[in-house]
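Here are three short exercises to work through with the model open beside you. Take your time with each one before reading its solution.

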Amino acid sequence: MLTGDAQKFYGLLFGIGFSTLLITQQLTIFVNLIERGASGVYNVPTAKVWVMDPVSRTTDVNYAMPSTALDQVRSVPGVEWAVPHLRATAAVRTGTGDLEGVSIIGVDDATLIGLPKNLVEGSLDVFAQPDTVVIDDVGINNMFEDGTDPIGQRLELNDQRAVIRGVADAIPSFTSQVTLYTKYSQALNYVPGTRNRMSFVLAGISDGETAEGVADRIEEQTGLKAETRDELAQAGVDFIIQNTGIPTNFGITVLLGFIVGVAIVGLTFSLFIRDNIKQFGALKAIGVTNAKIIRMVAVQAGLVGFIGYAIGVLGTVGFLAAFSGNPFFKGFYIPWQIPLISLGSVIVILAITGFIAIRSVLRTEPAAVFR
Amino acid sequence: MTQTQSAPSEAPEREVAICARGIVRDFEAGQSTIRVLHGIDTDIQPGEMTYVVGESGSGKTTLISIMCGILWPTEGEVRVFGTDIYNLSDTELVNFRLENIGFIFQQYNLIPSIDAAANAAVPLIAQGMALEPARRKAIELLDALNIGDQANKLPKQLSGGQQQRVAIARALVHEPRLVVCDEPTAALDAKSGRRVMDLLREVAVAEDRACIIVTHDNRIFDLADRILVLEDGRVTHDGTEMPDDH
Ligand SMILES: Nc1ncnc2c1ncn2[C@@H]1O[C@H](COP(=O)(O)OP(=O)(O)OP(=O)(O)O)[C@@H](O)[C@H]1O
Ligand SMILES: [Mg+2]
């Protein structure tokens with residue numbers, strides 16, 4: 001019955017599709033955005049344990065340690081290797097004279113641990129040349145909006161010279177700030193500061209050890225804070241959730257998607273029932289039970305709901321595909337939980353509106369058809 | 001009801017289709033209660049086309065609604081082919097209607113989104129028959145009603161008379177023993193109304209089947225086997241012809 005009424009069929013499809021799209025798309029952006037709070041961790045896949053000052057909270061909210069911490073960590077059993085890691089912010093002057101805020105990441109001079117896994121341009125050899133920095137790929141768009149080739153560009157950092165000689169394939173940070181990777185020893189020159197400037201010690205673990213076990217041991221022996229990748233990644237995500245209005249804003253949009261769904265679907269449903277109340281009455285008089293009527297409407301609502309849901313999810317996929325070239329959306333994916341959440345929302349929307357609409361059918365006296 | 005073998009030599013007495021006794025129906029109207037039916041006693045015989053006529057508001061619709069099991073009487077008892085229908089549980093009554101009663105409404109009330117054959121097949125499908133055999137049976141009947149060629153059309157693609165014939169097919173497809181119609185010709189012009197009633201007479205009247213028709217339509221009174229006249233909720237005439245003063 002429902003599927004035969006084109007106007008209402010498309011109304012329902014639109015309501016559900018729109019709702020699904022809004023919920024799925026907004027949740028996807030939300031999750032991907034807050035996960036960027038952990039990008040600092042994800043960009044260094046080899047580090048199993050991050051050691052830091054006890055007051056440090058995330059990769060970007062950190063308090064520097066004395067350089068002796070490195071040897072302390074190296075002496076902990078189960079630590080296979082440990083390297084210094086520097087993370088700081090600085091102001092950079094570009095060739096055109098603009099001032100730009102950047103993240104400076106100092107990676108171990110010898111092993112280059114701390115660098116993202118892949119370079120999209122240049123090779124690791126460039127670090128042998130003096131004043132080398134490697135820029136992150138998304139950062140290029142901020143620093144060289146006009147499309148200038150970044151390779152070979154000279155920058156000025158804390159009165160020091162820096163030359164871009166490579167581009168790293170990195171997950172952008174939450175703020176998409178430009179990131180410059182350089183050797184640890186070089187980074188010390190770029191970042192003005194006091195004696196203590198080592199932000200983290202990155203550690204690998206020996207075979208047969210777990211990251212948790214080694215981290216606990218490091219904390220015990222050194223009095224420093226040691227976290228596994230997952231712990232520090234989570235801390236970065238939590239920091240964004242706690243310190244930005246993002247959850248509220250996205251929450252409101254998702255709620256709006258739900259409410260719009262309820263409104264459109266509810267309205268269409270009740271119009272459908274109102275238009276067909278005589279037919280429902282006739283079915284009841286003929287001898288169709290309420291249970292059968294409910295089943296009939298539920299099957300049709302389920303069908304429309306499923307198609308609308310599919311449209312909404314495909315719409316989100318299409319949206320991400322369309323914007324895949326946009327650096328803001330770099331690495332965006334749809335976590336499997338999100339389509340489940342929107343499916344749940346669709347079911348709730350249909351159940352609420354369907355229940356309200358069908359009540360009038362159930363209340364209709366079969367005798368009403370003769371009136 | 002059924003007679004024993006020792007019955008007299010004349011034909012055994014037929015089972016009455018509807019036996020209504022002391023039917024009273026009140027409606028709440030704001031604070032007060034109005035009595036629409038004042039104790040109606042009547043029997044409807046199978047093999048006959050019984051008309052219920054009377055002025056608007058006289059209680060015709062109320063009476064047949066009670067006789068076919070869709071409206072509870074305030075007082076009284078209705079037996080349809082021997083079953084005391086208002087002593088059945090809700091579900092039993094719904095199933096009783098599904099098995100035994102065919103309905104024809106003034107507004108046809110066909111389902112707009114399914115074709116004529118599917119509409120006519122609704123009672124069979126509700127009884128649990130599979131779609132295909134149900135459709136086949138419905139199409140046979142549509143053929144008999146001369147609209148077999150319209151079987152695949154949606155109701156809105158049919159004329160009023162054609163829609164009412166689909167509705168007649170729906171009322172008869174499951175071979176009910178009682179067919180009730182409320183103003184079946186009211187929405188039709190004189191000619192199609194007449195044709196529909198002729199057809200109804202042909203197909204709905206059978207030895208073991210009763211047909212009750214509520215109507216205003218004096219153009220078709222001549223088709224009745226029996227006419228009941230209602231006035232203010234009372235039967236004031238019961239005969240084969242209309243009374244002279246009408
Ligand atoms: N559900 C109801 N609630 C209140 N009053 C009702 C209800 N149904 C019928 N009535 C009243 O009962 C009376 C008889 O109604 P009914 O529909 O049986 O008349 P009718 O003879 O079929 O009239 P018509 O020829 O106009 O169809 C009317 O006065 C009507 O207002
Ligand atoms: Mg009436």
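**Exercise 1.** Find what distance separates the centres of domain 1 of chain A and domain 2 of chain A in this predicted model.

*Solution.* Start with the bounds: the assignment gives chain A a domain 1 made of 2-37 + 245-370 and a domain 2 covering 66-223. Next, take the centres over C-alpha atoms; they are 48 Å apart. Then look at where the two domains touch: domain 1 of chain A supplies six residues to the contact and domain 2 of chain A supplies seven. Finally, sort the domain 1 side by class, which yields two nonpolar, two polar and two charged residues.

**Exercise 2.** Work out which element gives the most to the side of chain B that touches chain A.

*Solution.* First, count both sides: 21 residues of chain B meet 18 residues of chain A. Now list the elements of chain B that give two or more residues to its side: α1 (60-67), α2 (90-100) and α4 (122-126). Of the elements, α2(B) gives the most, with five residues. By class, the chain B side holds 12 nonpolar, seven polar and two charged residues.

**Exercise 3.** Explore the largest nonpolar core and say which helix gives it the largest share.

*Solution.* Begin with the core itself, which has 82 residues; Ala120(B), Ala138(B), Leu142(B) and Ala169(B) have the most contacts inside it. The largest share, six residues, belongs to helix α6 (residues 160-172) of chain B. Another core, of 58 residues, lies apart from this one and includes Ala47(A) and Val201(A). To finish, zoom in on Ala138(B): leaving out residues up to four places away in sequence, Ala138(B) touches Ala117(B), Ala120(B), Ala121(B), Ala169(B) and Val173(B).

Note on methods. Residues numbered from 1 in each chain as written. Chains lettered and ligands numbered in written order. Predicted model: local features only at pLDDT ≥ 70, side-chain atom pairs only at ≥ 80, totals over all residues. Core = buried A, V, L, I, M, F, W, Y, C linked by C-beta atoms within 7 Å. Buried ≥ 20, exposed ≤ 12 C-beta atoms within 10 Å, placed from the backbone. Helix = DSSP H or I, 4+ residues; strand = E, 2+ residues; numbered from the N terminus. Domains from an automatic or database assignment. Nonpolar A, V, L, I, M, F, W, Y, C, P; charged D, E, K, R; others polar.
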